[in-house]
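Welcome, and please load the model in your viewer with the sequence panel open. We will go from stop to stop, selecting as we go.

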Amino acid sequence: MPQENKKRGRRMKRKHDEDEDHQPTVEESSSKRQKPADEPENANFLPLPGQQQQDDSLDAAYPPALDRPFFGMLDAAEQENFKLADDTLGGNEFESAHERDVFLSELYDSAEGKELKIAQSQSCSRLMERLIQNSTAAQLKKLFRAFSGNFIHLISHRFASHCCEELFIRAAPVVTEELRAPAPKAGKASETSDEIYVSMENLFLHTLAELEGSIGYTLTDQFGSHALRVLLLVLSGESLNSEASKHLLQSKRKEGVSSKGRQPAGPPSEDKPRAVPKSFSDSLEKLIVESVAGLNTDKLRALATHPNGNPTLQLLLKLELTQFGKQRAKDETSIIRTLLPDDPITAESGSAKFINGLVYDPVGSHLVEQIVEHAPGKMFKSLNKEFFKERATAFARNEIAGYVMCRVLERLSKDDLHEAHEMLIPAIPGLLEKNRTIVIRTLIERCAIRDVDTQVVAAQLDATFRDANGFDIKKLLKYEYKPQPNGDTNGIPHDSLQSSATDPSITFSRPSEPVKVHFNLLAQAMLRVPGPLSSLILDSLTETDPATLQRMAQDHIIRHTIQAALTSKNSSIIMKRKLVQRFYGHIGAMALDAAASHVVDCIWEGTHGLAFIRERIAEELAENEAQLRDSGHGRAVWRNWKMDVYKRRRREWIKQSKVKASNDGFQSFAEIDGKEKGVVDGESGPAATTIGKTALELARERHVKRKTVQGKAAAGREKGGAQVERRPSGEGRVAGAASTTAAAA
């Protein structure tokens, strides 16, 4: 009977608990084992669904672990109590932080001696994860001691492995904190309790010592490989919260377990490296060596396409070259030298054939990306010259190899990037036709960084998406609007505040959302590059009719591109003003929409230098106050625009708006209109000069004239005691003599 297809992290609910005829699967029997002898030795180590059994040589390198011990099962009452505690902790149903701390302390007391049972329980392992997320450093150490001696069995268990991963992640920042803060010496009892103090560093080192000898097996284990990757990152001091780390630590299907409220201990929020002790670096080097010990080139290459071994091999390769220097590649026993022993690498060498076999492989291509990104300069240049350079166009066309080509473009020098640019330019129309935008986007971003001209790229994009009316932004953004026969075809109704989410007359055709996302990311990359690329997007958006642009703002994918256009540094004040004007009369309806409300938020930043437009948008929001307060999205817009201040202290709001919009760029509608007219009509002379000046420049001139008049008047008073009255025509009268004659009489 075939094994049930179950993914890691999916805790399946048992639908046949009351069915007497139900036969438990291998996975279920492993979590409810009564006697180790009742189950075959390798029952928990069957290959993944769709995965071929590894060859004998690889099995010999990674022998299966011994039978796992049985820690017992929770009774019905204990399971019910722990489930209630899980719901309480997950919902954060506490009135104060003190009440929460008391609850956690009591929960630890009730779970004492049962930690291993809870970790391996299908229904209660979530509680252990939430408990770890909210534990203090002392409580985390208590769990470490409870798990000690059984880590090799826990990390390879379907449910307990998640608890071990969470424990390692939450305990990593404690190591850094103990390095910075003085602590009692290890082995001495603290003053407040009789417990022997053990540092978190020593607890990690004891765990590594416990795993020694089983690292090779863990490398390819379905569950243990994830915990091994976490340990590698903890020892290296790299961030556990970055996107690259998350990609290697967990799959997209992993069930996220979290709890609301404060979490006393946890991973750092910023993506910065952590300080680790010297012993961690030594242990990391030892762990890397032990992981691949005894593996020759063929056996190590077999891991490149292994679904569990490949991510671990990626991390080992990355850490070896980043933590211990790229000169490590010269060592004959290093991972990268074992994988690619040929020096130099030629097109006919075995290393090139190995790379060629991985570039198009969905699993192996990730390893090639790591090699390209972290290989020493000499090795990368050899690979690029012999393998990637001549086949850049072919790789760019392929859905999988295109990502490898992106990593290659990121490492090219300016001259090499220019050559790759010339080779890829003719292929751009074909790539767009096949929806391969990732290479084009990377090429644009790297050309902007390396200062390579992108005018030819803009010309190719313009030719691909041009129609009779010019560049069609709707084709680029994959926007399709199909109104119902009885619906409104003019976008957001003028007399209604219904959003597209609730209006059945407005529908969006989404044939392939991933494709739409990639094309919108391409447009956003174009907006970040000054010159023709950003002008294509901005000019087309400002020429789009208001109804279409408003419907585009309601699309949850395209709205990101409109937000980028509103906040782009390459967009002029006039361009932003034209874009904002397209939304006049519909701001209230947009503020109620889940997607368009974000566009309204970005209008605040997009009106930098246009304070009067901010006031006009605020007035339109104020007119729809009742509807906005009844909507969650509307309340968010109301709060972000500080509309309560606008309603109660309008002068203060206007003053703050002008300051935040930058007074040096403050312009009224009349001044901008006059400036545009002066440019269009080609006016010259004093009138054109005055129109072209900003409000601040005109104010400065008036201030200088006023000071000049006051200075001349003061000089006249000092000369002869006669007060001279200045008139605009230059005429004056002497009043001093008449005043003196009257006084004498």
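Which residues in helix α18 (residues 350-359) are buried? Select the helix and colour Ser351, Ala352, Phe354, Ile355, Leu358 and Val359, since those are the buried ones. Buried here means under 20% relative accessible area, with exposed over 50% and partly exposed in between (1.4 Å probe, protein chains only). These residues lie on the same side of α18 because they cover an arc of only 160° around the axis, taken from the directions from the helix axis to the C-beta atoms.

Before the next stop, a word on the model. It is a predicted one, where local features need pLDDT of at least 70 and side-chain atom pairs count only at pLDDT 80 or more, while totals for chains, interfaces and linings use all residues. Residues are numbered from 1 along each chain as its sequence is written, and side-chain values use heavy atoms, with hydrogens and water left out.

**What lies over α18**

Now show the surroundings of that buried face. The elements covering it include α15 (297-302), α17 (335-339), α19 (364-374), α20 (377-388), α21 (392-397) and α22 (401-411). Contact means heavy atoms within 4.5 Å. Helices (H or I, at least four residues) and strands (E, at least two) are DSSP runs, numbered from the N terminus.

**The whole chain**

Zoom out. The chain has 43 helices and 2 strands, and 48% of its 745 residues are buried. Of the contacts between residues at least 6 apart in sequence, 74% join residues at least 24 apart.

**The nonpolar core**

In soluble globular proteins, nonpolar side chains tend to be buried together. A nonpolar core is a set of buried Ala, Val, Leu, Ile, Met, Phe, Trp, Tyr and Cys residues joined through side-chain atoms within 4.5 Å. The largest one in this model has 173 residues. Select Phe204, Ile355, Phe388, Leu476 and Trp641, the residues with the most contacts inside this core. Helix α9 (residues 160-180) gives the most to this core, with 10 residues.

Centre on Leu476 next. Not counting residues up to four places away in sequence, Leu476 touches Phe465, Phe471, Phe519, Leu522, Ala523, Met526 and Ile537.

**Aromatic rings**

How many aromatic pairs does a search of the whole structure find? There are 17. Rings of Phe, Tyr and Trp (its six-membered ring) pair if their centres lie within 6.5 Å; planes under 30 degrees apart count as stacked, over 60 as edge-to-face and the rest as tilted. Select Phe387 and Phe388: their ring centres are 5.0 Å apart and their planes are at 85°, so this pair is edge-to-face. Then add Phe395, whose ring centre is 5.6 Å from that of Phe387, with the planes at 35°, so this pair is tilted. Phe387 and Phe395 are both buried. For another view, show Phe144, Phe147, Phe151, Phe168, Phe204 and Phe280, which ring pairs link into a cluster.

**Two cysteines**

The structure holds 0 disulfides, a disulfide being a pair of cysteine sulfur atoms within 2.5 Å. Select Cys163: the closest cysteine sulfur, in Cys164, is 6.8 Å from its own, too far for a bond. Cys163 is buried, with a relative accessible area of 0%, and Cys164 is buried, also with 0%.

**Three polar residues**

Go to Gln139 in helix α7 (residues 137-147). Gln139 is buried, at 17% relative accessible area. Its side chain reaches the backbone nitrogen of Thr136 at 2.9 Å, and beyond residues up to four places away in sequence, Gln139 touches Tyr108 and Asn134.

Next, pick Glu605 in helix α34 (residues 596-606). Is Glu605 buried or partly exposed? Glu605 counts as partly exposed, at 48% relative accessibility. Leaving aside neighbours within four places in sequence, Glu605 is in contact with Thr567 and Arg614.

Finish at Glu625 in helix α36 (residues 625-629). A polar contact is a pair of N or O atoms within 3.5 Å; within protein, one must be able to donate a hydrogen and the other to accept it, and residues adjacent in sequence count only if both atoms are side-chain atoms. The side chain of Glu625 makes such contacts with the side chains of Arg629 (2.9 Å) and Lys647 (3.3 Å).
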